[in-house]
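Thanks for coming, everyone. Please have a look at the structure on the screen, and then we will walk through it together.

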Amino acid sequence: MATLNLGRIKPVFKGAYNNATAYIIDDIVTSGGSSYICIANSTGNAVSNASYWTQMSSAGTNGTDIGTTITTQGDILYRD
């Protein structure tokens, strides 16, 4: 009977990037406020190396720069 490898069922969050950790495809890490997913097995390859990592989300603002958020008269800022 043939064997079917389904791989990982879902990505695995590994926390903050660590240069000494071995990562495999679909591991997710954070670095500098951004999130990255591993696209090739990696140990010691920084998240900036596009051969091993793809950025999933980038760091946003901390909410103190509302001047770029509210740009038109009548804009409403909602903060939860």
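Let's start with a question: how many bridges join β1 to β3, and do these strands run parallel or antiparallel? Three bridges join them, and the two strands run parallel. Look for Ala-16, which stands opposite Thr-30 in β3.

Before we go on, a word about confidence. This is a predicted model. The mean pLDDT of the protein chain is 86. Of its residues, 88% reach 70 or more. Among the elements, strand β6, residues 53-57, has the lowest mean pLDDT, at 95. Strand β2, residues 22-23, has the highest, at 97. Keep one general caution in mind: where pLDDT is low, the predicted coordinates should not be read in detail.

Now, the sheet. There are four strands in it, and the sheet is open. Read across it and the order is β1-β3-β4-β6, with mixed pairing. Which strands stand at the edges? They are β1 and β6. Each has a single partner strand, so one side of each is left without a neighbour in the sheet. Neighbouring strands here are turned by 30° against each other on average, with direction ignored.

We have done β1 and β3. Next comes β3 with β4. Strand β3 covers residues 27-31, and its pairing with β4 is antiparallel, over four bridges. Find Ile-28: it stands opposite Ile-37 in β4. These two strands form a hairpin with two residues between them. In that hairpin, Gly-32 takes a positive phi near 60°.

One more step across brings us to β4 and β6. This pair is antiparallel too, again with four bridges. Here Ser-35 stands opposite Ser-57 in β6.

Let's stay on β4, residues 34-38. Why do we call this strand largely enclosed by the rest of the structure? Because five of its five residues are buried. Which way do they point? Ser-34, Tyr-36 and Cys-38 point one way, and Ser-35 and Ile-37 point the other way. That fits a general pattern: in a regular strand the side chains alternate between the two faces of the sheet.

Last topic: the aromatic rings. How do we describe a pair of them? We use the distance of the centres and the angle of the planes. The count comes to three aromatic pairs. One of them is Tyr-17 with Trp-53. The centres are 6.0 Å apart, the planes are at 90°, and the pair is edge-to-face. Where do these residues lie? Tyr-17 is in the loop between β1 and β2, and Trp-53 is in strand β6, so the pair ties together parts that are 36 residues apart in sequence.

Are the two buried or exposed? Tyr-17 counts as partly exposed, at 21% relative accessibility. Trp-53 is buried, at 2%.

Trp-53 also pairs with Tyr-23. Those centres are 5.2 Å apart and the planes are at 75°, so this pair is edge-to-face. Tyr-23 sits in strand β2 and Trp-53 in strand β6, 30 residues apart, so to speak of distant parts of the chain being linked is fair. Tyr-23 is buried, with a relative accessible area of 3%.

Put these together: Tyr-17, Tyr-23 and Trp-53 form one aromatic cluster. Thanks for listening.

Terms used. Residues numbered from 1 in each chain as written. Predicted model: local features only at pLDDT ≥ 70, side-chain atom pairs only at ≥ 80, totals over all residues. Heavy atoms only, no water. pLDDT = per-residue confidence, 0-100. Phe/Tyr/Trp six-rings, centres within 6.5 Å; stacked < 30°, edge-to-face > 60°. Buried < 20%, exposed > 50% of the residue type's maximum accessible area, 1.4 Å probe, protein only. Pairing = 2+ DSSP bridges. Axes fitted to C-alpha atoms, helices over the stretch in contact; angles between N-to-C directions.
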